[in-house]
There are 2 protein chains.
Amino acid sequence: MSMRIEIICTGDEVLTGKIVNTNFSYMSQKLEDVGLSVQWETTVGDDRESLLRAFQLAGERADAVIVNGGLGPTVDDLSQDVAAQAAGVALVLNEEWLGRMEEFFRRRSRVMPPNNQKQAMLPATAELIDNPIGTACGFALDIGRARFFFTPGVPRELRRMLEAEIIPRLLAKSGLQPAIHLKRFHSYGLGESHVDALLRGVEELVPDGGVKLGFRAHYPQLETKLTVRGTDMEDVRRKLAPVEREVRKRLGNFILSEDDATLEGIVLGELASRLASLSIVETFTSGAIAARVAHLPGAERVFRRGLVARDLGEVCAAVGLDGAGGAGELTRETAEAVARAARRQTGATHALAVLIDLDAGADRIDLGGTICLAIATSLEAASRRSRILGGREWVRLGAVEMGLDCLRRYLQGLPVYERIDFEKA
Amino acid sequence: MSMRIEIICTGDEVLTGKIVNTNFSYMSQKLEDVGLSVQWETTVGDDRESLLRAFQLAGERADAVIVNGGLGPTVDDLSQDVAAQAAGVALVLNEEWLGRMEEFFRRRSRVMPPNNQKQAMLPATAELIDNPIGTACGFALDIGRARFFFTPGVPRELRRMLEAEIIPRLLAKSGLQPAIHLKRFHSYGLGESHVDALLRGVEELVPDGGVKLGFRAHYPQLETKLTVRGTDMEDVRRKLAPVEREVRKRLGNFILSEDDATLEGIVLGELASRLASLSIVETFTSGAIAARVAHLPGAERVFRRGLVARDLGEVCAAVGLDGAGGAGELTRETAEAVARAARRQTGATHALAVLIDLDAGADRIDLGGTICLAIATSLEAASRRSRILGGREWVRLGAVEMGLDCLRRYLQGLPVYERIDFEKA
């Protein structure tokens, strides 16, 4: 029987919808990634009675409960107080944390305001959980039959505490094998069910069930996740090796990056490593392609120039092509001519042109766009033509990704054209 | 005593964090906007036992419960079935909805797949709630002491059903005055506490408490909301008039749009109405300003050209300015020269240049950027210089908004420079 985990999110801003509850989706995904699952989530406001009832109910049902928020210095931060009440113990001053907070303010040349002392008042039975980057300490204690873990609402403090302190405690409590690794592959162009079919059976390459396959789709990209569990990291690496080899083989050119690497980061890295420079020409994507790359650290040495225009004639005029190139009609040849001219004009080693002919009429889910894109260097030009159906934003997002991914393929010596699932004949 | 409302969100994709629960924040905000409040939210997966327990608990505590999701045609869509069980009634085929679904498929020249029939199986005591744009009907029934409202998980179907069908039923049940209106003002440059202070007392302009003030901050913009309640819409209009006049007076030039209008839409409208055209030059914002405007419907007639470069020398070269203009040093005068040259070069009536000098070093929360922006026409140039502290993304987002808002101010005949709260000396 697996461990039952619940999450309780607190705070009026979350309950009233003023802020979207990304802390919850983050926590739940992180737990899934290590093979743990959340069974129930509750959101309540900064209200003593609701908090107490939520703690009691979860304490009756769950083995472990993560509570998020309510650890701040103001009067509407009630988590410590209600936790003590639910556990039937007193609140006591934690001298260790008080000292840490005073030090925190001293290092910033500030005096600790008196109301921050409240953040060092913990239930008598609480185990302190470190927060190295904020004044809200975490803590753990038992309420009912469950172990409760209290975490700060500030996202970066939560993230650090969950990953460094709470997940290891949950894994120890779960009895699952302690060594775990999450391997991620990012792809563009294949839908989730297609990738699922392509990867059928890869989990079975490791006979003991230590590898679990999962997906997270965020159009236009898809994330393929392998969770690998073992007795130690050496065991994990041994299990992962044949599976990741197989995933790379089956998804092939469609893998655009792995783990924390991004498509735009890969493109920038490929260009930087050959001391190359890039200019971009866009129409309906309207600057969204440049906006993915040109602001990144290091891009100031690579990104040469971006040009945006909605009219193909204006594009041609801007890069110094006269109408003879066939302005007015959008073809692969036009895209190649534009990319070549933009490269020449700006002196960049590489140019990417993504030109779009959007269907006429009002926005609708079966609107479409024809995309002609080209990549030019001093030696050659590569291009593709695609048609995407699905509303203005869908076409626009798809074209941004297609442009960057084709550039990635070109720079990695892969074919710029391979049929994708989002494409219509 | 106000009505107690709970929301139950269902589905493995939400519970595991694969998708962020924006349906919940949307529903909660919509209810807040009409003066209703959610007291408790529960998320459970596609699991019969959890759903039943969640329905029972909410049925013991609440007056009204909105359940979202689980109305689809597949086996893991359990809401009707578990609702019937919780209410202690049978599931029966609703002939009316079956006919509507068959018609739905007929109009799309398709035959209804057999498993869709499941969507017309409703608890015997259920009141059908119309879904004019999908095959999942909503329904209402009593479980315990609460009225339950079941809604589809598809966001646009949920939105339509909540606004057209469920909110009116909740308002009738609440006994609140039935006529209600939400008036919204969008501003840039003033923080929430500043606007709160500026608007102190505006609610009291209507003595009966029929006007409620609220905020929603999403940097860089702030939304100021007035919820007005009355006996009928005439009464609401009468109450709103003096308050909205006062809000416009106190926030003045900082109001960039009202209700559903957006900053980029206002800018586009101002330009289109005078048959004007726009070119944009950007550096660290990297195309993000153009990407806000140039893709909009109608922008193809207004947007002339966008230029992105990270290097000021490259910007000057691209617009045909030689180094004599002072390239290398970023000043208001440089921004004006760039805007003038870009306007001339592209033949647009208006040009906006937003040039940024980003502090050196790694990203950190006290990084800063110096922004020089200018707007040029054939007759004149207006400009401002500002310094924003707060990390790469904060500076970038702030500069995008500042550029568009200054253009809005210019086009509306307002001063381009007014000190904002995000600015540092």
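The exercises below work through the contact between two chains and the surroundings of one strand.

This is a predicted model, in which local features need pLDDT of at least 70 and side-chain atom pairs count only at pLDDT 80 or more, while totals for chains, interfaces and linings use all residues. Residues are numbered from 1 along each chain as its sequence is written, and chains are lettered from A, with ligands numbered from 1, in the order in which they are written.

**Exercise 1.** Work out how many residues of chain A are in contact with chain B, and which classes they belong to.

*Solution.* Begin with the count: 44 residues of chain A are in contact with 44 residues of chain B, where contact means that C-beta atoms, placed from the backbone, lie within 7 Å. Next, sort the side of chain A that touches chain B by class, which gives 18 nonpolar, 15 polar and 11 charged residues.

**Exercise 2.** Find how strand E14 (residues 303-308) of chain B is paired, and explain why it is largely enclosed.

*Solution.* First look across the chains, where 3 bridges join E14(A) to E14(B) in an antiparallel arrangement, and where A:Leu307 has B:Leu307 as its bridge partner. Then stay within chain B, where strand E13 (residues 278-282) and E14(B) pair in the parallel sense over 5 bridges, with B:Arg305 as the bridge partner of B:Ser279. Strands count as paired if DSSP finds at least two bridges between them. Finally, 6 of the 6 residues of E14(B) are buried, so the strand is largely enclosed by the rest of the structure; buried means that 20 or more other C-beta atoms lie within 10 Å of the residue's own.

Methods
Contact = placed C-beta atoms within 7 Å. Nonpolar A, V, L, I, M, F, W, Y, C, P; charged D, E, K, R; others polar. Buried ≥ 20, exposed ≤ 12 C-beta atoms within 10 Å, placed from the backbone. Helix = DSSP H or I, 4+ residues; strand = E, 2+ residues; numbered from the N terminus.
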